[in-house]
Amino acid sequence: MKGSGKCRILVSEEEEEAIIFDEHPNARYAVVCDPIDGSSNLDAGVSVGTIFGIFKLPDEVLGPNNKVTAQDLLRPGTEMVASGFTMYGASAQLVITMRNGGVNGFTMENSLGEFILTHPNMQLPAKRAIYSVNEGNSMYWDDWVNKYLHSLKYPGDGQKPYSARYIGSMVADAYRTLLYGGVFAYPADSKSRKGKLRILYECAPMAMLFENAGGRAVNSQMERLLEVVPEHIHDRSGVFLGSKDEVQKIIDTYNQHHK
């Protein structure tokens, strides 16, 4: 980031404070990232990755006589100019989008040392009977969340239950959901009332990707994730993202419970 000369401030999940590059006072961009998402799975050989978002800084903080601070990044995800993630597994994947643009997936071609476009214009199917969530937390979930998951596993009327797919690395679970559809969820619960995932560099970048691919993304209060403003750079949220019809089922269950 520093060497590019384009980044003025960096927020990382691994650093408590924002990193400011004063040697580039006219750099126009801010980067937010989780550099090693899924790091708890490293020893097990599970796919991990990097999630990132990019903001364009306002003119008033540019120049050697002005200061940029972490407060300048407490903005909704709608103000990002780009977001994406890389995933490191059997192959290295890069998925990226721009504001109001399409979503494109690239695969590292080792013989060339370059990323090759392999998944152009990625689009989520409107619905798919797959859910991805850590059900080990179910005893801590709100009643409406358990009701929703129960409806997927026991649909009744001779319908087939949903398939469960959960890896435990957000980039891996999100990538699979982008490819095949369904829903990824990490709800807020009684242990983590605000949620577990970070708004600025996990929730918002993924929300931008999913919306630009035709999906939806909301928090545990059913607010559009891209419109949520973090209170501090490491603020957290519950998250539901995936195919638009599947996310609508979540919203409907929430609304019925809160009548």
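1. Angles quoted here run from 0 to 180 degrees between N-to-C directions, with axes as lines fitted to C-alpha atoms, for helices over the stretch in contact. On that basis, α2 lies across β9 (130-132), β11 and β15, and runs at about 155° to β11. The model is predicted, and the points below should be read that way.

2. Overall layout. The protein divides into domain 1 (2-122) and domain 2 (130-258). Their centres, taken over C-alpha atoms, are 22 Å apart. Domain 1 puts 48 residues into the contact, and domain 2 puts in 30 residues.

3. Annotation. An unreviewed UniProt entry annotates residues 124-254 as "domain: Fructose-1-6-bisphosphatase class 1 C-terminal". Over residues 124-254 the chain is 36% helix and 15% strand. The end C-alpha atoms of that stretch are 23 Å apart.

4. Eight-stranded sheet. This is an open sheet with mixed pairing, in the order β2-β1-β3-β4-β5-β6-β7-β8. β2 (19-20) and β8 (114-119) are the edge strands, and each pairs on one side only. Within the sheet, β5 and β6 are antiparallel and share seven bridges. T86 has L94 of β6 as its bridge partner.

5. Helices on that sheet. α2 packs on the sheet and touches β3, β4, β5, β6 and β8. The direction of α2 makes about 105° with that of β5. α3 also packs there, touching β1, β3, β4, β5, β6 and β7. For α3, the angle with the direction of β5 is about 100°.

6. Five-stranded sheet. The second sheet to check is open too, with five strands in the order β10-β9-β11-β15-β13 and mixed pairing. β10 (163-164) and β13 stand at its edges with a single partner strand each, so one side of each has no neighbour in the sheet. β11 and β15 run antiparallel and are joined by four bridges. A185 has F240 of β15 as its bridge partner. On the β13 side, the pairing with β15 is antiparallel over three bridges. There R216 stands opposite G242, and V218 stands opposite F240. F240 is thus named in two pairings: with A185 and with V218.

7. Cover on β15. Which residues of β15 are buried on each side? V239 and L241 are buried on one side, and F240 and G242 on the other, so that both faces are covered. Two helices cross this strand. α2 lies across β9, β11 and β15. Helix α4 (residues 244-257) lies across β11, β13 and β15, and runs at about 30° to β13.

8. Main nonpolar core. The largest nonpolar core has 45 residues, and F85 and M206 have the most contacts inside it. At least two residues each come from β1 (7-12), β3 (29-37), β4 (48-56), β5 (80-88), α2 (170-180), β11 (183-186), α3 (199-212) and β15 (239-242). Which element gives the most? It is α3, with nine residues. The core lies between domain 1 (2-122) and domain 2 (130-258), because both give residues to it. Nonpolar side chains tend to be buried together in soluble globular proteins.

9. M206 and the second core. Beyond its neighbours within four places in sequence, M206 contacts I51, F85, M170, V171, A174 and L241. A second, separate core has 18 residues, including V145, Y148, F240 and V247. On β15, then, L241 is in contact with M206, while F240 belongs to the second core.

10. α3 and what follows. Is α3 enclosed or open? Of its 14 residues, 13 are buried, so α3 is largely enclosed by the rest of the structure. Just after α3, G214 takes a positive phi of about 90°.

11. Positive phi outside glycine. Two residues deserve a look. N100 has phi near 60°. N100 is in the loop between β6 (92-98) and β7 (103-109). Its relative accessibility is 73%, so N100 counts as exposed. M222 has a positive phi of about 65°. M222 is in the loop between β13 (216-218) and β14 (236-237). With a relative accessible area of 14%, M222 is buried. The cut-off for buried is under 20%, and for exposed over 50%.

How values were computed. Residues are numbered from 1 along each chain as its sequence is written. This is a predicted model: local features need pLDDT of at least 70, side-chain atom pairs count only at pLDDT 80 or more; totals for chains, interfaces and linings use all residues. Side-chain values use heavy atoms; hydrogens and water are left out. UniProt positions are given in the numbering used here, feature names are shortened, and annotations may be inferred rather than shown by experiment. A nonpolar core is a set of buried Ala, Val, Leu, Ile, Met, Phe, Trp, Tyr and Cys residues joined through side-chain atoms within 4.5 Å. Buried means under 20% relative accessible area, exposed over 50%, partly exposed in between (1.4 Å probe, protein chains only). Domain bounds come from an automatic or database domain assignment. Contact means heavy atoms within 4.5 Å. Two strands pair if DSSP finds at least two bridges between them.
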